[in-house]
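Here is a walk through one protein fold, strand by strand. Keep the sequence and the model side by side as you read.

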Amino acid sequence: SQDIEREEVTKKKLKEACRRILEMKYDAGLASNKPVATAGLVEALNTPEAVKLNNDLYANAITVVRNKGVLPLMPNELSKIAYLEVGIDDGSYFTDTLTKYYSRLDKFSISKKPEAAEADSIRKLLQPYNRVLVGYHSTDLRPQFSYGIDSTCLTLIHELTRNKQVMIDFFGLPYGIMQLDIDAFEAVIVSYDNSPEAQVQ
């Protein structure tokens with residue numbers, strides 16, 4: 001390297017540093033490292049007790065940020081409510097769970113980054129409904145990507161709140177809901193994660 005060529009670091013010092021690192025690796029047992037046996041690993045990690053604990057953690061983590069007296073939803077009310085899934089097929093577990101309890105649920109889906117024509121189509125389809133439940137599934141962990149919130153979807157959802165009662169379940173980090181006008185919603189729920197375990201709660 002240039003440091004060696006400039007004699008800022010001698011070859012002898014470099015060799016000593018390398019030797020120390022190799023000795024530490026040897027002391028840590030890395031010289032005789034054996035691969036971990038993976039046979040049966042998934043089953044060992046996902047015991048019935050572990051699965052139950054995981055589901056309990058998800059169920060208890062769900063946070064109702066806002067509720068203007070609309071939650072819990074009653075089955076006989078759901079026939080009048082549209083469900084809008086943001087992120088096509090991203091929320092299939094949530095949809096399946098809803099339909100187990102509410103057989104007359106009217107479901108609509110919009111892609112996570114819709115074109116204007118797709119958003120316009122959803123606007124028209126939702127016109128007959130007074131109440132809309134939004135499942136925001138296409139979230140992201142990174143703030144530089146607005147936590148997965150798309151501006152077209154955000155505009156559409158806020159427009160719906162002007163003449164409809166809108167409830168939203170955000171399946172991502174709670175920082176994402178800071179982009180929402182929380183006061184405009186009848187209910188705001190944060191489920192923190194879009195995993196199947198979070199969606200079925």
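**From the central strand outward**

Strand E4 and strand E5, residues 165-170, pair in the parallel sense over six bridges. This is a predicted model. One register point is Gly135, which stands opposite Asp169 in E5. The connection between the two strands runs through a helix: E4, helix H7 (residues 151-163) and E5 form a right-handed β-α-β unit.

Now turn to another partner of E4. Strand E2, residues 81-86, pairs with E4 in the parallel sense, over six bridges. Two pairs fix the register. Ala82 stands opposite Val132 in E4. Val86 has Tyr136 of E4 as its bridge partner.

Step back to the whole sheet. Which order do the strands take in it? The sheet is open, has six strands and mixed pairing, and reads E1-E6-E5-E4-E2-E3. Strand E1 (63-67) and strand E3 (106-110) stand at the edges. Each has a single partner strand, so one side of each is left without a neighbour in the sheet. On average, neighbouring strands are turned by 15 degrees against each other, direction ignored.

How many residues of E4 are buried? Six of the six are, so E4 is largely enclosed by the rest of the structure. In a regular strand the side chains alternate between the two faces of the sheet. E4 can be read residue by residue. Arg131, Leu133 and Gly135 point one way, while Val132, Val134 and Tyr136 point the other way. Both sets are buried.

Take Leu133 as a sample of this strand. Leu133 sits in E4, which spans residues 131-136. Is Leu133 buried or exposed? Its relative accessibility is 6%, and the cut-off for buried is under 20%, so Leu133 counts as buried. Setting aside neighbours within four places in sequence, Leu133 is in contact with Leu73, Ile81, Ala82, Tyr83, Leu84, Leu98 and Met167. For a contrast in position, look at Ala39. The C-alpha atoms of Leu133 and Ala39 are separated by 43 Å, and the two residues are 94 apart along the chain.

Leu98, one of the contacts of Leu133, leads to a helix. Helix H5 covers residues 92-101, and its buried residues are Phe94, Thr95, Thr97 and Leu98. Viewed down the axis of H5, these buried residues fall within an arc of 165 degrees, so they line one face of the helix. They pack against E2, E3, E4, E5 and helix H8 (196-199). A further helix, H6 (residues 116-126), lies across E2 and E3 and runs at about 165 degrees to E3.

The loops hold some backbone details. A cis peptide bond joins Leu71 and Pro72, with omega about 0 degrees. Pro72 is placed in the loop between E1 and E2.

Positive phi values come next. Ser146 has phi near 55 degrees, a positive value in a residue other than glycine. Ser146 lies in the loop between E4 and H7. At 29% relative accessibility, Ser146 counts as partly exposed. Tyr192 has phi near 70 degrees, again positive in a residue other than glycine. Its place is the loop between strand E6 (187-190) and H8. Tyr192 has 31% relative accessibility and counts as partly exposed.

Technical notes. Residues are numbered from 1 along each chain as its sequence is written. This is a predicted model: local features need pLDDT of at least 70, side-chain atom pairs count only at pLDDT 80 or more; totals for chains, interfaces and linings use all residues. Side-chain values use heavy atoms; hydrogens and water are left out. Helices (H or I, at least four residues) and strands (E, at least two) are DSSP runs, numbered from the N terminus. Buried means under 20% relative accessible area, exposed over 50%, partly exposed in between (1.4 Å probe, protein chains only). Contact means heavy atoms within 4.5 Å. Two strands pair if DSSP finds at least two bridges between them. A crossover is right-handed if, with the strands pointing away from the viewer, the path from the first strand over the helix to the second runs clockwise. Axes are lines fitted to C-alpha atoms, for helices over the stretch in contact, and angles run from 0 to 180 degrees between N-to-C directions. The arc is that of the directions from the helix axis to the C-beta atoms.
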